[in-house]
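Grab a pencil and work through these exercises with the model in front of you. Try each task yourself before you read its solution.

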Amino acid sequence: MEIKAVKSAFGWKAENYFPIDSTTRITICTMKRSSGPLITTVIGSQKEGAMWYYTVCKDYGMTWAATSCKRVTKLAVETQQAQVVARLDQIKNEVADFYEQTRENT
């Protein structure tokens, strides 16, 4: 799995996508937030047609890492992203459990 940070107008950002099933995937994203910390989030999304959608309070969303640093570098973003991606099996299990519970409750 390649972890590669790219620089945008807002700073360094790394993003990877992983399928859970044919209509569900997760996005693992590491970037500096406006409040200062370097955050890695895992967001679930559902496929409808050709598009992927995230719905607040319906889809999985969790912060998996947060660090404070004075300066966010490409190396810092790639390192934190790699640390969270290394826990991919654990993340996938948690996300699958979340959607299974959601489907049971609806």
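**Exercise 1. Decide whether Tyr 60 is buried or exposed, then look into its ring partner.**

Step 1. Tyr 60 has 4% relative accessibility, so it counts as buried; the cut-offs are under 20% relative accessible area for buried, over 50% for exposed and partly exposed in between, with a 1.4 Å probe and protein chains only.

A quick note before going on: this is a predicted model, where local features need pLDDT of at least 70 and side-chain atom pairs count only at pLDDT 80 or more, while totals for chains, interfaces and linings use all residues. Residues are numbered from 1 along each chain as its sequence is written, and side-chain values use heavy atoms, with hydrogens and water left out.

Step 2. Searching the whole structure turns up two aromatic pairs. Rings of Phe, Tyr and Trp (its six-membered ring) pair if their centres lie within 6.5 Å; planes under 30 degrees apart are stacked, over 60 edge-to-face and the rest tilted.

Step 3. For Tyr 60 and Phe 98, the ring centres are 5.6 Å apart and the planes sit at 75°, so this pair is edge-to-face. Tyr 60 is in the loop between β5 (51-53) and β6, and Phe 98 is in helix α2, so the pair ties together parts 38 residues apart in sequence. (Helices, H or I with at least four residues, and strands, E with at least two, are DSSP runs numbered from the N terminus.)

Step 4. Phe 98 is partly exposed, at 27% relative accessible area. Its ring and that of Tyr 99 have centres 5.1 Å apart and planes at 85°, so they are edge-to-face too. Tyr 99 counts as buried, at 4% relative accessibility. Put it together, and ring pairs link Tyr 60, Phe 98 and Tyr 99 into a cluster.

**Exercise 2. Check the span of helix α2, and find which of its residues are buried.**

Step 1. Helix α2 (residues 88-105) has 18 residues, and at 1.5 Å a residue it should span 26 Å. The recipe is 1.5 Å times one less than the number of residues. The end C-alpha atoms are 26 Å apart, which agrees.

Step 2. The buried ones include Leu 88, Ile 91, Val 95 and Tyr 99. They cover an arc of only 65° around the axis, which puts them on the same side of α2; the arc is taken from the directions from the helix axis to the C-beta atoms.

Step 3. Flip to the other side of α2 and you'll find Asp 89, Glu 104 and Asn 105 exposed.

Step 4. The buried residues of α2 pack against several elements, among them β3 (24-32) and α1 (74-85). Contact here means heavy atoms within 4.5 Å.

**Exercise 3. Find which side chains make polar contacts with Thr 30.**

Step 1. Thr 30 lies in strand β3 and, at 0% relative accessibility, counts as buried.

Step 2. One polar contact, of 2.7 Å, joins its side chain to that of Thr 40, and another, of 2.5 Å, reaches the side chain of Gln 81. (A polar contact is a pair of N or O atoms within 3.5 Å; within protein, one must be able to donate a hydrogen and the other to accept it, and residues adjacent in sequence count only if both atoms are side-chain atoms.)
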